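Here's a quick walk through a protein–DNA model, written for someone who likes to poke at coordinates. Have a look at the entry below, then read on.

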There are 2 protein chains.
Amino acid sequence: MPRAGLDQSTVVAAGAALADEVGLAQLTMGSLAERLGVRTPSLYKHVAGQEDLNHRIASLALSQAADAVGVAIQGYAGRDALSAAARAYRTFVLDHPGRYAATIGVQPTTPDDPMATAGHCLLAAFMAVLRGYDIKPPDVDHALRMIRSLFHGFATLQSANAFQWSADIDESFDWLITFTDRGLRTL
Amino acid sequence: MPRAGLDQSTVVAAGAALADEVGLAQLTMGSLAERLGVRTPSLYKHVAGQEDLNHRIASLALSQAADAVGVAIQGYAGRDALSAAARAYRTFVLDHPGRYAATIGVQPTTPDDPMATAGHCLLAAFMAVLRGYDIKPPDVDHALRMIRSLFHGFATLQSANAFQWSADIDESFDWLITFTDRGLRTL
DNA sequence: CACGTCTGGCTAACTACATTAGCTTTTGGC
DNA sequence: GCCAAAAGCTAATGTAGTTAGCCAGACGTG
């Protein structure tokens, strides 16, 4: 029997990709093994189980999202940075719904959990956006939580197809960015 | 064998309550049956299966959320209505995390799906809040999507314990309401 | 009251999936 | 070439969802 040459990152990356394709709920150890050309129990040589796999996918997703946002805002400030960050974030969620879904409701275990680190990187990117506004220190945490809620909420709802009615979604997204930008500039 | 006297709404209500207690992922047909003092297959006399159960729990949740928000905003307008709606919504999500989670990613099937109806009621309540502001018709849909994203995002993140760091969450929530109110008043 | 039907419960059986145990073969260092 | 670790495998177990088919109690009607 020839070896498939898997390792942990291969398995996790394939799991993330499969989750994006078929939905996180349809990501089973069996389907992932099949995708990798291997029998189900072989996966346990690389991940500890489904929960561990999910945790690692979440970690990967957060780190990729942080990267995407970080790259997108380079060289921008103020409204441009806000817009770039929001777009990058939403694009990531829409392009990778499965791995993003894996991040929901997963708690970091240890303080040096890679997922916690990736989460902090993403927050740092958002924080960088806020630095382009003149926000008083006590307001920074609140503003950060707000844009996080807004981005997460909008992206999640659109990804779940929860915006059913008429108006154009991209237009709403631009409107929302403008609204937030104005609010942040007049704190 | 004495009858348990179940019917569909009993089963769905018990499922929602159990989901709130143990988490949606831990809501199994077996645990629900045990809670109701019945064997697992008996549940299939009242719901078509797990997917159907989830759908009905989602429907119940949306309808209860719409009720809660609708009641909360009665007699208020403007900032007071916005604040009341936001609080009622968040309280509902925090008190009923399991049934709220059931609403995520569930698509209405037919146009007369009770879930779609309940969703519209909830939107109508949010729309009523916006009526207290002087918003130009083309902006209404965008504003509605924004507050929905914001409320959903904040409540979801708090429910998932995703706000880890220092600042007080209630304070952030108030800040967010004030921010939104100011933005809506100066459109 | 007897009868028949419908309903809501049951047991038994089947499937899918996650997981573990234990075996075998490849691989890579010596 | 040899040996240990790694990476695959088969087989088996436990749990959960679901279906089939049986049976008893509730209820309406003669």
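## How the two protein chains meet

This is a predicted model, and the place to start is the protein–protein contact. Chain B and chain A bury about 3700 Å² between them, with 62% of that on carbon and sulfur atoms. On the chain B side, R145(B), W175(B) and F179(B) give up the most area to chain A, and together they make up 22% of what that side buries. As for head counts, the contact draws 41 residues from chain B and 41 residues from chain A.

Which helices of chain B each supply at least two residues to the side that touches chain A? They are helix 6 (114-131), helix 7 (137-159) and helix 8 (169-185). Helix 7 of chain B is the top contributor, putting 15 residues into that side. Sorted by residue class, the side of chain B that touches chain A holds 19 nonpolar, 15 polar and seven charged residues.

## What holds across the interface, and what doesn't

If you go looking for salt bridges between chain B and chain A, the count is zero. Polar contacts are another story: 16 residue pairs turn up across the interface of chain B and chain A, with both partners at pLDDT 80 or more.

## Symmetry

Try superposing chain B on chain A: a rotation of 180° with 0.0 Å of shift along its axis does the job, at an RMSD of 0.1 Å. The two copies are therefore related as by a two-fold rotation axis. Which residue of chain B comes closest to the rotation axis? That's G153(B), whose C-alpha sits 1.9 Å from the axis.

The interface fits this picture too. Of the interface residues of chain B, 100% are also interface residues in chain A, so the copies meet through the same surface.

## DNA strand C

Now for the DNA. Around DNA strand C there are 21 residues, and the closest are R3(A), Q50(A), R3(B), S42(B) and H46(B). Both protein chains appear in that list of closest residues. The residues of the surface near DNA strand C split into nine nonpolar, eight polar and four charged. Looking from the DNA side, 61% of the atoms of strand C within 4 Å of the protein belong to sugar or phosphate, and the rest to bases.

Some individual distances are worth pulling up in your viewer. H46(B) has a polar side-chain atom 2.6 Å from a phosphate oxygen of DNA strand C. M29(A) uses its backbone instead, with a polar atom there 2.8 Å from a phosphate oxygen of the strand. K45(B) goes for a base: an N or O atom in its side chain is 3.3 Å from a base oxygen of DNA strand C.

## DNA strand D

DNA strand D is surrounded by 21 residues, the closest being R3(A), R39(A), S42(A), H46(A) and Q50(B). Here sugar and phosphate account for 58% of the strand D atoms that come within 4 Å of the protein. The surface near DNA strand D breaks down into nine nonpolar, eight polar and four charged residues.

Phosphate oxygens of DNA strand D get attention from several partners. Q50(B) places a polar side-chain atom 2.4 Å from one, and an N or O atom in the side chain of H46(A) lies 2.6 Å from one. R39(A) joins in through its backbone, where a polar atom is 2.7 Å from a phosphate oxygen of the strand.

## Inside chain A

What does the secondary structure of chain A come to? Eight helices and zero strands, so to speak an α-α-α-α-α-α-α-α pattern when read along the sequence. The C-alpha atoms of chain A fill a box of roughly 65 × 40 × 25 Å, taken along the principal axes.

Over all chains, the salt bridge count is 12. Side chains of opposite charge can pair when their charged atoms come close. One such pair is D170(A) with R90(A), at 2.9 Å from N to O. The pair links distant parts of the chain: D170(A) belongs to helix 8 (residues 169-185) of chain A and R90(A) to helix 4 (residues 78-95), 80 residues apart.

Key
Residues numbered from 1 in each chain as written. Chains lettered and ligands numbered in written order. Predicted model: local features only at pLDDT ≥ 70, side-chain atom pairs only at ≥ 80, totals over all residues. Heavy atoms only, no water. Contact = heavy atoms within 4.5 Å. Buried area = accessible area lost by both parts, 1.4 Å probe. Salt bridge = Lys/Arg side-chain N within 4 Å of Asp/Glu carboxyl O. Polar contact = N/O pair within 3.5 Å; in protein donor to acceptor, adjacent residues only side chain to side chain. Helix = DSSP H or I, 4+ residues; strand = E, 2+ residues; numbered from the N terminus. Nonpolar A, V, L, I, M, F, W, Y, C, P; charged D, E, K, R; others polar. Near = heavy atom within 4 Å. Least-squares fit on C-alpha atoms with pLDDT ≥ 70 in both.
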